[in-house]
Amino acid sequence: MRNFLIAAALLTATPALAQMQRDPGAMLAGADGNGDGMITRAEFVQSRAARFEKADRNKDGALSRDDFKRLARFRPEAAERLNALIDELDTNGDGRVTRDEMARAPTPIFDRADTNGDGTIDRAELAAFKAQAAARKQQR
Ligand SMILES: [Ca+2]
Ligand SMILES: [Ca+2]
Ligand SMILES: [Ca+2]
């Protein structure tokens, strides 16, 4: 659960990513790279890597505190969560999360949607996940 919260925090890194966080169902649907209506784990990780490229503001191939300097000025609490995420995913402790470390990171949203655990989110699972997300939104 903690990983899920931290991953969600990462999605707020940029406005485009924040939009995805508000609608994880749309985010999953957007991860369907080959457009066959099903999302494989590989497609999900690939889509996450694309978001990683966007968050890597200084384009040095890793996420670090340097990438969130501007954010830290306007939304210090968001930057704080991102820094916590870096600490969590930074497995070798150099203060940077590389593409490799990101690729190996847990996939809590994917795992939640893939209810039968076969490594693919099929149309029914995606529909169920979206319905769940919508129901949660109404409860708030
Ligand atoms: Ca697909
Ligand atoms: Ca960077
Ligand atoms: Ca499945």
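Phe-44 and Phe-110 are both buried in this predicted model. Their rings make up an aromatic pair of the tilted kind, with 5.4 Å from centre to centre and 55° between the planes. By the rule applied here, the count of aromatic pairs comes to one. Phe-44 belongs to helix 4 (residues 41-55) and Phe-110 to helix 8 (residues 108-113), so the pair ties together parts that are 66 residues apart in sequence.

**Calcium sites**

The calcium ion (ligand 1) is coordinated by Asp-32 (OD), Asn-34 (OD1), Asp-36 (OD), Met-38 (O) and Glu-43, which gives two OE atoms, at 2.2 to 2.5 Å. Along the sequence these donor residues follow the spacing D-x1-N-x1-D-x1-M-x4-E. The six donor atoms subtend angles of 54 to 157° at the calcium ion (ligand 1), and the arrangement is therefore irregular. Within this site Asn-34 is exposed, with a relative accessible area of 53%, whereas Glu-43 is buried at 14%.

The calcium ion (ligand 2) has as its donors Asp-56 (OD), Asn-58 (OD1), Asp-60 (OD), Ala-62 (O) and two OD atoms of Asp-67, at 2.3 to 2.6 Å. The spacing of these donors along the chain is D-x1-N-x1-D-x1-A-x4-D. Here the angles subtended by the six donor atoms run from 52 to 163°, which makes this arrangement irregular. Asp-56 is buried, with 1% relative accessibility.

Where does Asn-58 lie? Asn-58 is in the loop between helix 4 and strand 2 (62-63). With 37% relative accessibility, Asn-58 counts as partly exposed. Leaving aside residues up to four places away in sequence, Asn-58 touches Asp-66 and Asp-67, the latter being a donor to the calcium ion (ligand 2). Asn-58 and Phe-68 are ten residues apart along the chain, and their C-alpha atoms are separated by 9.4 Å.

**Salt bridges**

The structure holds six salt bridges. Three of them are listed below, including the closest N to O distance for each.

| Pair | Closest N to O distance |
|---|---|
| Arg-96 and Asp-60 | 2.9 Å |
| Asp-87 and Arg-65 | 3.6 Å |
| Glu-77 and Arg-75 | 3.5 Å |

Asp-60, a donor to the calcium ion (ligand 2), also forms a salt bridge with Arg-96. This pair links distant parts of the chain, 36 residues apart: Arg-96 is in the loop between helix 6 (76-89) and strand 3 (97-98), and Asp-60 in the loop between helix 4 and strand 2. Both residues are partly exposed, Arg-96 at 30% relative accessibility and Asp-60 at 32%.

Asp-87 forms a salt bridge with Arg-65. That pair also links distant parts of the chain, with Asp-87 in helix 6 and Arg-65 in the loop between strand 2 and helix 5 (69-74), 22 residues apart. Asp-87 is partly exposed, with a relative accessible area of 47%, and Arg-65 is partly exposed at 40%.

In the salt bridge between the side chains of Glu-77 and Arg-75, Glu-77 is partly exposed with a relative accessible area of 45%, and Arg-75 is partly exposed with 34%.

**Annotated region**

An unreviewed UniProt entry carries the annotation "domain: EF-hand" for residues 77-112. Over residues 77-112 the chain is 64% helix and 6% strand. The C-alpha atoms at the ends of residues 77-112 are 27 Å apart.

Technical notes: Residues numbered from 1 in each chain as written. Chains lettered and ligands numbered in written order. Predicted model: local features only at pLDDT ≥ 70, side-chain atom pairs only at ≥ 80, totals over all residues. Heavy atoms only, no water. Phe/Tyr/Trp six-rings, centres within 6.5 Å; stacked < 30°, edge-to-face > 60°. Helix = DSSP H or I, 4+ residues; strand = E, 2+ residues; numbered from the N terminus. Buried < 20%, exposed > 50% of the residue type's maximum accessible area, 1.4 Å probe, protein only. Donors = N, O, S within 2.8 Å, 3.2 Å for Na, K, Ca; no water. Tetrahedral: all angles 85-135°; square planar, octahedral: opposite > 155°, others 65-115°. UniProt positions renumbered as here; feature names shortened; annotations may be inferred. Contact = heavy atoms within 4.5 Å. Salt bridge = Lys/Arg side-chain N within 4 Å of Asp/Glu carboxyl O.
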